[in-house]
Amino acid sequence: MYKLLAALFVSRLTGKLQSCADMLSTREKKPPHETQLYVSVEESKLPIVYGPEYNIGFLGLEKLHPFDAGKWGRVYQFLKDDNLLQDDTTARPQEATEQDLLVVHKKSYLESLKWSMTVAAITEVPPVAMLPNFIVQNKVLKPFRYQTGGTILAAKLAMERGWGINIGGGFHHSSSDRGGGFCAYADITLAITFLFERNPKVTKAMIIDLDAHQGNGHERDFMNDDRVYIMDVYNRGIYPHDGFAKRAIKRRVELEHHTKDDVYLNLVATNMEDALKEFQPDIIVYNAGTDILEGDPLGCLSITPKGIIQRDEIVFEKAKKWKIPVLMVTSGGYQKTTARIIADSIINLKNKGLISIEAAKNCQPSRRRIVSSKSNSQSYETLFSRLSRFLSGSSTPEESKEYCSVKEKTTLTTPDASDCPDRGPQ
Ligand SMILES: [Zn+2]
């Protein structure tokens, strides 16, 4: 009897241990959630992702921020005008859902975005705090969610085609539990996490962050994660001065105000080459901010348009040399001229044979030029500009400039050494 009871006990214990093991293995093997962001794209389409939903009408409030909120639409139009792509050869993104965002973001952070005041702080446009949240969700956050979906789709396409470009995204100040610096969603972290979850060929990623600002969002997200190597080249004297996030940077290049082309391009080329000698990733995520451009009131660097085009060429050349797929996102860039420069740079990549559009051209059903009507964002801008002036206390352009100057401790004109903010804490 005693032996029988002992055997029964052992059998039950073994059974329980087995079921625990089964539960654990089931948890480990749990398939990723169903999503509309990570989907197949027809061969006839280029791995260039864009949707008209990217552009922020901002109810006219964009005039209170030096950010060019229609940049993405203009880049797209320039590329169409140059026949690099057409509407039917462009990959279209879907809007990231809450479930998609929860892959990286904390629920509490997403809940906080239901307060317009939080979004006002992230976008650095105080009058947004006075708007009902449903307007903020639809007119401010929705474009960001589409761009986030675009980065995830472009990442998938980059792995399939060797390269992918999202004409948007690059929200490198947002991490799982916070936003800031005009970045509400951590699209770079999300794209890499989606690849880790869904593409067995991706076990290591490299982020090359060449926006003028430190990419503290993805740095916080990938702190202590050996699968991700971060190289960050940024102006040390401007936002965000995130000393904690800097610990995640494997290759840090800090620039002084008004760094010029020759110094900058040499630093980018040599450091990227050395980074790739140290770490061979399965994908390079290139954050190609254009706020390094001379005259940018926030970036405070002195890189010419030609220098930006050369920089992008260097990154794509290195990726090609090392045979590593590259995903490019456009990130910051605050001047009206930057859209033309981004388009010229993508055209240059095509002319130099660093990206190929031949497959899409061959598959293309028609080369007819589609004349687009006035975009929704322009209409919204016109419709709501009066409202925004009312809400913001009839701000004049001069008042807007004053706000931006105070916020960034600099001016909207081409800065010289005396215009730029003092070096902050490191
Ligand atoms: Zn920036």
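A: A definition to start: a helix axis here is a line fitted to C-alpha atoms over the stretch in contact, and angles between axes run from 0 to 180 degrees between N-to-C directions. Keep in mind, too, that this is a predicted model.

Q: Thanks! How do I use that to read a pair of packed helices, say H10 and H11: what are their distance and angle?
A: Two packed helices are described by the angle between their axes and the distance between the axes. In this case, H10 (residues 261-278) and H11 (residues 305-321) have axes that come within 10 Å and cross at roughly 10°. Angles under 35 degrees count as roughly parallel, and H10 and H11 are therefore roughly parallel to each other. The contact involves Asp261, Tyr264, Leu265, Val268, Ala269, Met272, Glu273 and Leu276 on the H10 side, with Gly307, Gln310, Arg311, Ile314, Val315 and Lys318 on the H11 side. As for handedness, H10 passes H11 in a right-handed crossing.

Q: And what is the angle between H2 and H12?
A: H2 (residues 71-81) packs against H12 (residues 338-351) at about 45°, the axes being 8 Å apart. That makes H2 oblique to H12. Here again the crossing of H2 past H12 is right-handed. Among the residues that meet are Arg74 and Phe78 in H2 and Ile342 and Ile346 in H12.

Q: Let me turn to strands. Is S6 enclosed or exposed?
A: The idea is to count neighbours: a residue is buried if 20 or more other C-beta atoms lie within 10 Å of its own. In S6 (residues 283-287), five of the five residues are buried, so the strand is largely enclosed by the rest of the structure. You can follow this face by face: Ile283, Val285 and Asn287 are buried on one side, and Ile284 and Tyr286 on the other.

Q: Which strands pair with S6?
A: S3 (residues 205-209) pairs with S6 in the parallel sense over five bridges, and Ala205 has Ile283 as its bridge partner in S6. S7 (residues 326-329) also pairs with S6 in the parallel sense, over four bridges, with Val285 opposite Leu327 of S7. H11, which you met above, comes back here: S6, H11 and S7 make a right-handed β-α-β unit.

Q: Where should I look for unusual backbone geometry, such as a positive phi in a residue that is not a glycine?
A: Most residues other than glycine have a negative phi, and most peptide bonds are trans. Glu124 has a positive phi of about 60°, and lies in the loop between H5 and H6. Ser331, with a positive phi of about 55°, sits in the loop between S7 and H12. Their surroundings can be read by count: Glu124 is partly exposed, with 19 C-beta neighbours inside 10 Å, whereas Ser331 is buried, with 28. For the peptide bond, look at Tyr239 and Pro240, which are joined in cis with omega about 10°. Pro240 is in the loop between S4 and H9.

Q: One last residue: is Glu219 buried or exposed?
A: Glu219, in H8, is buried, with 26 other C-beta atoms within 10 Å. Beyond its neighbours within four places in sequence, Glu219 is in contact with Ile230, Ala245, Ala248 and Ile249. The C-alpha atoms of Glu219 and His172 are 8.5 Å apart, although 47 residues separate the two along the chain.

Conventions:
Residues numbered from 1 in each chain as written. Predicted model: local features only at pLDDT ≥ 70, side-chain atom pairs only at ≥ 80, totals over all residues. Buried ≥ 20, exposed ≤ 12 C-beta atoms within 10 Å, placed from the backbone. Helix = DSSP H or I, 4+ residues; strand = E, 2+ residues; numbered from the N terminus. Pairing = 2+ DSSP bridges. Right-handed = clockwise from strand over helix to strand, strands pointing away. Parallel < 35°, antiparallel > 145°, perpendicular 65-115°, else oblique. Left-handed = near helix turned anticlockwise from the far one by under 90°. Contact = placed C-beta atoms within 7 Å.
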